[in-house]
Amino acid sequence: MAYCFIAIFVAMIGYIVYFQVFKAEDIINNSYNKRHELFASRMIRGDIVSAEGDVLATTKVSESGKETRYYPHGNMYAHAVGYCENGTTGVEEQANFSLLRTHSFIGNQIYNMLTEKKNKGDTVVTTLKSKLQSVAYNALGSFNGAVVAIDPSNGRILAMVSKPDFDPNDVKEGYEDIISNDSVLLNRATQGSYTPGSTFKIFTTLEYLKEHGSDAAYTYNCTGQISMDGTTVHCYGNEVHGQLDLEHAFAESCNCAYANMGLNLNISEFQKMTKKMLFNSALPIEYPYTKSSFSLSKDSSTASIMMGSFGQDQITVSPMHLAMVAAAIENNGMLMKPYVIDHVENDAGDIVTETEREEYRNLLSKNNAKVMQKLMEATVNYGTATALQSSKYKAAGKTGSAQVSDSSDDTHSWFVGYANRSSGKDLAIAVIVEKQGNGSRYAVPIAKKVFDAYFD
Amino acid sequence: MIEILVQVSKIIMILLLCLYTIECFTVMTRKDAEVREQIINRQRKFAFMLHFLAYLIMFAVKMDIKYLVFYAVQVLIFTLFLNLYDLFYEKASPLVVNNMVLLLMIGLIMLTRLNFEHAIRQFVFIVAAIVLCVLVPLIIHKLTFLDKLTWVYAAVGILALLVVFATATVTGGAKLSIDLGPVSIQPSEFVKITYVFFVACMLYKNTEFKQVLITTAVAATHVLILVASRDLGGALILFVAYMVMTFVATKDIRYFLIIFAGGCLASVMAYFLFSHVQIRVANWLDPFSDITGTGLQLSQSLFAIGTGGWLGLGLFQGMPKSIPVVESDFIFSAISEEMGLIFALSMLLVCISCFIMFLNIALQIKNQFYKLIALGLGCVYGFQVFLMVGGVTKFIPSTGVTLPLISYGGSSIVSTVIIFSIIEGLYILREDEGEFFAKKRRKTREKAQKGRKEKEQ
């Protein structure tokens, strides 16, 4: 009896030790932990740097001891790195507690205590690549939209841009001005909720493969339009594609073929498949995000099914989600959990904590991933993204022109895809340019600039 | 400079408590009376040094003379108590006394830091309890009819619980206390004792099926009233004590299994019947999903323990007051935050050593009645510590019980000191028993010798 009691006590102590060693770090970083404010008043907030060591955020201390958070790159990292006044966002939020604690040599700490100087918090090293971020930022130019680039083999977020943007240096003083603008604080890369347009054909294709097997022969004769139950669908720009197989239908982005394909799909199964592909479900990322939504159900009207099959209807996605899907396809089905904090180091450069690369799960089977790779390569070889052909890398993907209203210039331009080199270097990307029109014309060139910079 | 003092003393306090804790366990293995006495004296030095450092820090941080005055009064009372106890009760277990004083000191340190007025109030109760503490072993010793009062215990216990159930207002989700003007008492703290006495009375001579059945019915009445008053922690403690006592009294594993199965069934039923039980379980599984509502306490407790880390933030350096009712139900988290997890775990080990001492006397004492009493009180104490610490660290769902001798609360302090005193009383009785048996042995030996001599002649 006595041993029973002792055993539960031992188990409890073991649990508490386990909690402190493995769990506590994550738990105490919660923004509801009021002790952050306490630490903030006793410490100088640590630096945030890019993968190359370029300073993205630092704290300047004036002679009078006044502390100011300074972001040397201004708007460029506004959403990825975030800010820490008037709330915390981005890396500033995710690494808040690491920035407020020091693992500096104990002698330094005692020296600072004796001289009544504040200690400086640890440095957070991100996965963001300065060069890639600046290329993506400049490529998006004055357009509104977002660019996300991740390394498919490990989930590292290499670039994340969202526009319209703001200068995080102004958040403290000019917060009212900033929030009076058109939702500039929204990180469109993860919180944007966009109609996917033709990029959604990736999922319709996957459902078709699921129902008919990965070697199924699909044929369709495109006459430029298809009608069913009073709904008529046209191909983009009223193009007529003629006789098509699956690869050509995908590469040339034939709406009629996909409306036809959708009409023959089992919508309940389609729902299950999209759920597995992270629609209507939580994303394994630390940034705040909006869930992607798949709107079709077995009760949907014929019109909804036809439109939904090429990504119209009420379907919405976030750019981050599509980048993750592209990464999983490139990585033969396995999604690596995306992360932005590479490691935390003390002032001597010794690593305090390090993020381990982590498999999230297989989003699709290896077979289907191979088929999708072939289809997405066809898009670049002869389809809607031929501009991405390069001698330095092999690109693949899917364009999209998502209509957000009946007016034709209200069209979002999409590119989702990846590029790799046989040496093993690879990059997955999602680009959205709001309300400019055709995917090939606006989103593809941005993707190209990012790929060129990465494989330079 | 003060920060250095706080940080350095923090480390020394952790070391002192670790040394104290190690001695708790080494003393159990030593047989030599002189070595034991040395260890016991060393322990007292560690405890007083720790106590001194803690108040020194608090004085240094606050620069308020009241901390020093309060400290001086405490030292006076504790020294007086220890010396008197040594004088009167030579045969008592000095380890149990040491542990009691140490735990009271730690509780006072943390309460002083959290709320000075409450610490004073707590100290008044401690003084009252200590006076009782000196008397209780005497009562145990002299009153030989304690095992005859079976139904008095049951009646007092059930009546007290019923009064609470009928009159008490709900505080913190449970009906706990009766308001008596300036003080309010929590009868359930004292019912733990009458309850253990009742079960011991019932089962120490007679363990026939009918007897066990009657005992179960009365015990279940206690437990059910507590459940109805929403005092889940109290109900669980009584239940476990009953289960263990019945098993040991009857030596029949079937009773244990049946009661255990009954308890499990009742827990499942309680889960489906009462929404507050469901909330507790939901918060245990994920306290962060309702972080500003029902999950507030537990998540703040985890923040406190996690942020404090192994060494703690130092007295007055953390934010333990961000945990609601930190002084009673969550004092473990406050201690862990400011004095460190090593300190808190060491303290837990001291509690475990008390528990072992309770079981130890239960094993050694021959008289079945007292054996059951020691066992029952041991279970009450040990299980309460487990519920408290397990609850605030998310090991088990939180049941809202106090940490005996440490948490704020007069009833809890007085009843726990009484429990410790009863155990001391039993240690003294055992020595008497020992002498009694030794005398008997001597007599038989003498007789035998006489017989042999006669034969030789």
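# Reading a predicted two-chain model

Colleague: What separates B:Lys192 and B:Glu189 in helix α7 (residues 187-203) of chain B?

Modeller: About one helical turn, because they sit 3 residues apart in that helix. Before we go on, keep in mind that this is a predicted model.

Colleague: Okay. What do the side chains of B:Lys192 and B:Glu189 form?

Modeller: Start with the general idea: side chains of opposite charge can pair when their charged atoms come close. Here B:Lys192 and B:Glu189 form a salt bridge, and their closest N and O atoms are 3.0 Å apart.

Colleague: Is B:Lys192 buried or exposed? And is B:Glu189 buried or exposed?

Modeller: To call a residue buried, we want its relative accessible area under 20%. B:Lys192 has 7%, so it is buried. B:Glu189 has 6%, so it is buried too.

Colleague: Which parts of chain B does the pair of B:Glu338 and B:Arg113 tie together?

Modeller: That one is also a salt bridge, with the closest N and O atoms 2.5 Å apart. B:Glu338 is in helix α13 (residues 331-339) and B:Arg113 is in helix α4 (residues 94-114), so the pair ties together parts of chain B that are 225 residues apart in sequence. B:Glu338 is buried, at 1% relative accessible area, and B:Arg113 is buried as well, at 9%.

Colleague: What about chain A: where do A:Lys118 and A:Glu67 lie?

Modeller: A:Lys118 and A:Glu67 form a salt bridge too, with their closest N and O atoms 2.8 Å apart. A:Lys118 is in the loop between α5 (106-114) and β5 (119-120) of chain A, while A:Glu67 is in strand β4 (residues 67-70) of chain A; the pair links distant parts of the chain, 51 residues apart. On accessibility, A:Lys118 counts as partly exposed at 35%, and A:Glu67 counts as partly exposed at 24%.

Colleague: Which residues of chain A are linked in a network of salt bridges?

Modeller: A:Glu207, A:Lys210, A:Glu269 and A:Lys272. If you search the whole structure, you find 24 salt bridges over all chains.

Colleague: Let's move to the interface. What area do chain B and chain A bury between them?

Modeller: The size of an interface is often given as the accessible area lost when the parts come together. For chain B and chain A that comes to about 3,400 Å², with 80% of it on carbon and sulfur atoms. Counting residues instead, 46 of chain B are in contact with 31 of chain A.

Colleague: How many salt bridges does the rule find across the interface of chain B and chain A?

Modeller: Just 1. The side chains of A:Arg35 and B:Glu337 meet there, at 2.7 Å from N to O. The rule also finds 9 residue pairs in polar contact across the interface, both residues at pLDDT 80 or more.

Colleague: And which elements give two or more residues to the side of chain B that touches chain A?

Modeller: They are α1 (2-29), α9 (232-250), α12 (296-308), α14 (341-364) and α15 (368-392) of chain B. α14(B) gives the most, with 8 residues. By type, the residues on that side of chain B divide into 31 nonpolar, 12 polar and 3 charged.

Colleague: Now strands. What is the order of the open sheet of 6 strands in chain A?

Modeller: First the principle: strands of a sheet pair through backbone hydrogen bonds, either parallel or antiparallel. In this sheet the order is β4-β3-β2-β6-β14-β15, with mixed pairing. β4 and β15 (351-354) are at the edges with a single partner strand each, so one side of each has no neighbour in the sheet.

Colleague: How many bridges join strand β14 (residues 341-345) of chain A to β15(A)?

Modeller: There are 3, and the two strands run antiparallel. In β15(A), A:Ile351 is the bridge partner of A:Glu345.

Colleague: How many residues lie between the strands in the hairpin of β10(A) and β11(A)?

Modeller: That hairpin has 2 residues between its strands, and A:Asp229 takes a positive phi near 45° there. Strand β10 (residues 225-228) and strand β11 (residues 231-234) of chain A run antiparallel and are joined by 4 bridges. To trace one of them, start at A:Gln225, whose bridge partner in β11(A) is A:His234.

Colleague: One last residue: where does B:Ser398 lie?

Modeller: In the loop between α15 and α16 (410-456) of chain B. B:Ser398 is buried, with 18% relative accessible area. Leaving aside neighbours within four places in sequence, B:Ser398 is in contact with B:Arg280 and B:Gly391.

Notes: Residues numbered from 1 in each chain as written. Chains lettered and ligands numbered in written order. Predicted model: local features only at pLDDT ≥ 70, side-chain atom pairs only at ≥ 80, totals over all residues. Heavy atoms only, no water. Pairing = 2+ DSSP bridges. Contact = heavy atoms within 4.5 Å. Buried area = accessible area lost by both parts, 1.4 Å probe. Salt bridge = Lys/Arg side-chain N within 4 Å of Asp/Glu carboxyl O. Polar contact = N/O pair within 3.5 Å; in protein donor to acceptor, adjacent residues only side chain to side chain. Nonpolar A, V, L, I, M, F, W, Y, C, P; charged D, E, K, R; others polar. Buried < 20%, exposed > 50% of the residue type's maximum accessible area, 1.4 Å probe, protein only.
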